[in-house]
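Here is a short report for a first look at this structure. Start with the sequence and the 3D view.

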Amino acid sequence: MEDMSQYPLELTGDNIPMVRFMNVTKRYGKLTVLDRLDLDVATGEMVTVIGPSGSGKTTVLRMLMTLETINEGVIYVDGKPLTHMEKNGALVPASPKHLRMMRSQIGMCFQHFNLFPHMTALENCMEGPVQVLGMSKQEARKRSEDLLDLVGMIEKKDQHPSRLSGGQQQRVAIARALAMRPKVMLFDEVTSALDPEVIGEVTNVIRDLVDKHNLTMLMVTHQMGFAKDISDRICFFFDGSIEEQGAPDALFGNPQRERTQQFLSAVKEAG
Amino acid sequence: MSLWEFIATYWPDFLKGTGVTAAQFILATMLAIGIALVAGLMKLSRNAVVRGVSVTYIEIFRGTSLLVQLYWIFFVLPLFGVTLDKFTAGFVAVGMNLGAYGAELVRGGIQSVPKGQWEAAYALSMSPAKRMWRIILPQALVNMLPPWGNLLIELLKNTALVSLISVTDLMFVAKQINGSTFLSAQAFGLALIVYYVFARFIVTPFMRWLEGVMRRKLGRA
């Protein structure tokens, strides 16, 4: 058993990060996917995670969404433990109820969009606010329409996902996640399943969010140019830990570690 | 006596019998759907006891003869103080039996919904019940409607067994008229035709229509 007393019940002081991974380890059987990860994401910061496949980068997002459990360590969101909760002055693994309450602060967009096929674009966006936040249909409709407008999908609001292109579906999925007013947004390879000519319409929406909204964002992507443009910080993952991290210009322009250099040149060659 | 003369003479009896068969069919179908849903969901539970109850139920009702189950419910349960009239015993036996088959369809339908749908609903912080009811089941339903069409035709044909506990359904009427007139070919021939028409021109088109409606709801049509 891990000694939980090394982790604070909640984060205190100035400059509490929006997200803190503290000593987080994730294993699948004998395979260690993430090894004692420490990572802070400040409020309003845009952090992009890059790295070869199998380096654990998607796992980072999935753990934060609590889609994956963790084996060791604690994740904090807005200063409060996410993966654990306080019981008699000690941290214990979180109950399903605690997880549900905490993860409502986090929104996520997936590689394959995962829109609900039996609902229109508008209904997809209204589902969370009405069913989870208990908002009135009228209010939820207003909020959803505003967001569909923001992502340029208001004209298609009454279409089912099967009638939309991949890029359009992903934009609706972004609106659906935003409709919950999350503090943290996670983008998990949101352009990887898209045809090259529609990638731009999705990246433009994300660019817009970065420019105009003070959202904390964590993104996994293979679009290096895009990542360089919009990120405050890039984390290069290798073999379950952060090999190197820094400002985009520094990391892309002057990588210090050999593995980072190899990865970036391999990506550049691939094009 | 030709089939036409036979029909002209005995159609009121056959009509009554068909009405009873239709009632047995509808009640047994509703029961089977309810049981299938509950047992199918229970079979997917994380709780081993809940899962065990469902597995036991499915094993018993799928693994033994419907006729024996019918006799148990009608003749044996009264010995334990549970007495059902023959009409009720009839559709309860058929419904419980076909419900066990339906449970497997429900389980399979739910498992056929892509994992990403669970994850998206989870990421919206929906409760487990809402995830199932609002996101997964509607999609599972579309996937399982075609096999349910088959199952309901099976169910209709199985209702003929209730004549053996003297429920006055279509089969009972045919047997009765055969017994008093010895017009076997006409009596059982007409019964065959009615069952076929019921299945082919009422149950099947209804299920097709339902599939169409559900597909449109998914925007697939």
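Two strands pair if DSSP finds at least two bridges between them. Helices (H or I, at least four residues) and strands (E, at least two) are DSSP runs, numbered from the N terminus.

This is a predicted model: local features need pLDDT of at least 70, side-chain atom pairs count only at pLDDT 80 or more, and totals for chains, interfaces and linings use all residues. Residues are numbered from 1 along each chain as its sequence is written, while chains are lettered from A and ligands numbered from 1 in the order in which they are written.

**Chain A**

Strand E1 (19-28) and strand E4 (72-77) of chain A run antiparallel, joined by five bridges. Thr25(A) sits opposite Glu72(A) in E4(A). Both strands belong to an open sheet of four, ordered E2-E1-E4-E5 (chain A), with antiparallel pairing. Its two edge strands each pair on one side only:

| Edge strand | Residues |
|---|---|
| E2 of chain A | 31-41 |
| E5 of chain A | 80-81 |

**Chain B and the contact**

UniProt, in an unreviewed entry, lists residues 18-203 of chain B as "domain: ABC transmembrane type-1". Such annotations may be inferred rather than shown by experiment; positions follow the numbering used here, and feature names are shortened. That stretch of chain B is 81% helix and 0% strand, with its end C-alpha atoms 14 Å apart.

The contact takes 19 residues from chain B and 21 residues from chain A. Residues are in contact if their C-beta atoms, placed from the backbone, lie within 7 Å. On the side of chain B that touches chain A, helix H5 (115-123) and helix H6 (128-158) of chain B each give two or more residues. H5(B) gives the most, with six residues.

How values were computed
Contact = placed C-beta atoms within 7 Å.
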